[in-house]
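Me: Can you walk me through some backbone and burial features here? I'd like the general idea, then the case at hand.

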Amino acid sequence: KTFLGLRNSTAGHHFENPRNVGSFKRDDPYVGTGLVGSPACGDLMTLQIKVDESGHITDARFKTFGCGAAIAASSLASEWIKGKTITEVVTIKNAAIAKHLRLSPVKLHCSMLAEDAIKSAVQNNKEKKAIADGDVA
Ligand code: FES
Ligand code: FES
């Protein structure tokens, strides 16, 4: 069975019942915002992380304007990154997301969006922290 390219109920569960949908205030100094788009299809994903002083992600929110696979991938990614450090989460690979959701090969770029969104959110958080710490003029 395929449903929007999702091959099993596991992915369906993240598609039908996505976790952590929403947003945080962008100007919150502890929030990192990642915004990525897919050149392949024009879909957009915003992933936000809340990072504590020790570099742990305490919470995450996403908004995805895209296909079912992209929504499921962002939902799964938002669950995986909670409780991990920003150093750990940048090693999460789209292949692992795609495997967990059992995405079909044509849907691989959808999970790539989630990998890129994690990296982008971490990068944004680091930049904001550097500015807050006075490391950057
Ligand atoms: Fe929902 Fe793994 S697919 S937790
Ligand atoms: Fe482009 Fe899924 S079809 S993100």
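Reply: We'll take helix burial, positive phi and strand pairing in turn. This is a predicted model, where local features need pLDDT of at least 70, side-chain atom pairs count only at pLDDT 80 or more, and totals for chains, interfaces and linings use all residues. Residues are numbered from 1 along each chain as its sequence is written, while chains are lettered from A and ligands numbered from 1 in the order in which they are written.

Me: Which residues of α4 are buried?

Reply: An α-helix has 3.6 residues a turn, so residues three or four places apart point the same way. In α4, the buried ones are Asn94, Ile97, Ala98 and Leu101 (buried: 20 or more other C-beta atoms within 10 Å; exposed: 12 or fewer; partly exposed: in between; C-beta atoms are placed from the backbone). They fall within an arc of 95° down the axis of α4, so they line one face (the arc is that of the directions from the helix axis to the C-beta atoms). Helices are DSSP runs of H or I, at least four residues, and strands are E runs of at least two, numbered from the N terminus.

Me: What phi does Arg102 take, just after α4?

Reply: Most residues other than glycine have a negative phi. Arg102 has a positive one of about 50°, and with 13 C-beta neighbours inside 10 Å it counts as partly exposed.

Me: How do β1 and β2 pair?

Reply: Two strands pair if DSSP finds at least two bridges between them. β1 and β2 run antiparallel over seven bridges, with Gly34 bridged to Leu47 in β2.
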